[in-house]
Amino acid sequence: MTQLTGLTFGGKAWTPKFAQEIDKDKCISCGRCVKVCGYNVLGLKALNEEGEFVDDEDDDEIERKVMAVTSPENCIGCEACSRICPKNCYTHVAVNN
């Protein structure tokens with residue numbers, strides 16, 4: 001199986017790792033990751049008291065909001081979100097073709 005790789009400007013091999021998920025228990029919704037991502041991969045999602053994602057954000061049972069990978073198809077694999085995260089919430093994976 002081949003792995004998706006690229007080259008840096010200096011000619012070194014680079015393997016992009018794409019944002020797969022964010023640990024909702026660790027996330028403090030600081031927003032640093034959203035600011036550093038230029039590809040609209042991330043977004044806030046509401047959680048209820050049981051820690052489950054809620055679709056209706058007007059629901060009275062919302063406990064808090066956390067970051068989530070809402071558009072994974074936009075991710076370029078740069079891992080900037082993970083490097084800026086103060087709580088180490090991210091899981092990234094390389095793509096095997």
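Buried residues account for 28% of the 97 residues in this protein, and that figure, like everything that follows, comes from a predicted model. As for the surface, the protein exposes about 6,700 Å², with carbon and sulfur atoms supplying 46% of that area. The C-alpha trace spans about 55 × 25 × 20 Å along its principal axes.

The secondary structure adds up to two helices and seven strands. Going along the sequence, these elements come in the order β-β-β-α-β-β-β-α-β. Take the contacts between residues at least 6 apart in sequence: 63% of them join residues at least 24 apart.

Charge is the next topic. The protein carries 11 positive and 16 negative charges, and the mean positions of the two sets sit 16 Å apart. On the surface there is a patch of negative charge, made up of Glu49, Glu50, Glu52, Asp60, Glu61 and Glu63. One of its members, Glu49, belongs to the loop that runs between strand 4 (42–48) and strand 5 (53–54). Glu49 counts as exposed because its relative accessibility is 62%, and the cut-off for that class is over 50%.

Now for the start of the chain. Leu4 and Thr5 both come up in the segment before strand 1, which covers 6–7. Leu4 has a relative accessible area of 33%, so it is classed as partly exposed. In space, Leu4 is 25 Å from Val34, C-alpha to C-alpha, with their positions 30 residues apart in sequence. Thr5 is partly exposed too, at 49% relative accessible area. What does Thr5 touch, leaving aside neighbours within four places in sequence? The contacts of Thr5 are Trp14, Thr15 and Pro16. Thr5 can also be placed relative to Val95: the two are 90 residues apart in sequence, yet their C-alpha atoms are 9.0 Å apart in space.

The loop between strand 6 (62–69) and helix 2 (80–84) deserves a walk-through, beginning with Thr70. Thr70 is partly exposed, given a relative accessible area of 40%. Not counting residues up to four places away in sequence, Thr70 touches Val41, Leu42, Gly43 and Lys45. Between Thr70 and Gly10 the C-alpha to C-alpha distance is 32 Å, for a sequence gap of 60 residues.

Ser71 lies in that loop between strand 6 and helix 2 as well. Is Ser71 buried or exposed? Ser71 is buried, because its relative accessible area is 16% and buried means under 20%. With neighbours within four places in sequence set aside, Ser71 is in contact with Asn40 and Val41. Val41 thus turns up on the contact lists of Thr70 and Ser71.

Further along the loop between strand 6 and helix 2 comes Cys78. A relative accessible area of 34% makes Cys78 partly exposed. Its contacts, again leaving out neighbours within four places in sequence, are Trp14, Lys17 and Arg83. Trp14 is therefore touched by Cys78 as well as by Thr5, going by heavy atoms within 4.5 Å. Cys78 and Gly31, 47 residues apart in sequence, are 17 Å apart in space when taken C-alpha to C-alpha.

The backbone has a couple of oddities to look at. Most residues other than glycine have a negative phi. Glu79, found in the loop between strand 6 and helix 2, has a positive phi near 65 degrees despite being a residue other than glycine. At a relative accessible area of 24%, Glu79 is partly exposed. Ser29 also has a positive phi, about 55 degrees, although it is not a glycine. Where does Ser29 sit? Ser29 is in the loop between strand 3 (17–22) and helix 1 (32–36), and its relative accessibility of 25% puts it in the partly exposed class.

Notes:
Residues are numbered from 1 along each chain as its sequence is written. This is a predicted model: local features need pLDDT of at least 70, side-chain atom pairs count only at pLDDT 80 or more; totals for chains, interfaces and linings use all residues. Side-chain values use heavy atoms; hydrogens and water are left out. Patches are made of residues with over 30% relative accessible area and no salt bridge: like charges are joined within 9 Å, nonpolar side chains (Val, Leu, Ile, Met, Phe, Trp, Tyr) within 5 Å. Accessible areas come from the Shrake-Rupley method with a 1.4 Å probe; for residues, only the protein chains shown count as cover. A salt bridge is a side-chain nitrogen of Lys or Arg within 4 Å of a carboxyl oxygen of Asp or Glu. Lys and Arg count as positive and Asp and Glu as negative; His and the chain ends are not counted. The place of a charge is taken as NZ of Lys, CZ of Arg, CG of Asp or CD of Glu. Helices (H or I, at least four residues) and strands (E, at least two) are DSSP runs, numbered from the N terminus. Buried means under 20% relative accessible area, exposed over 50%, partly exposed in between (1.4 Å probe, protein chains only).
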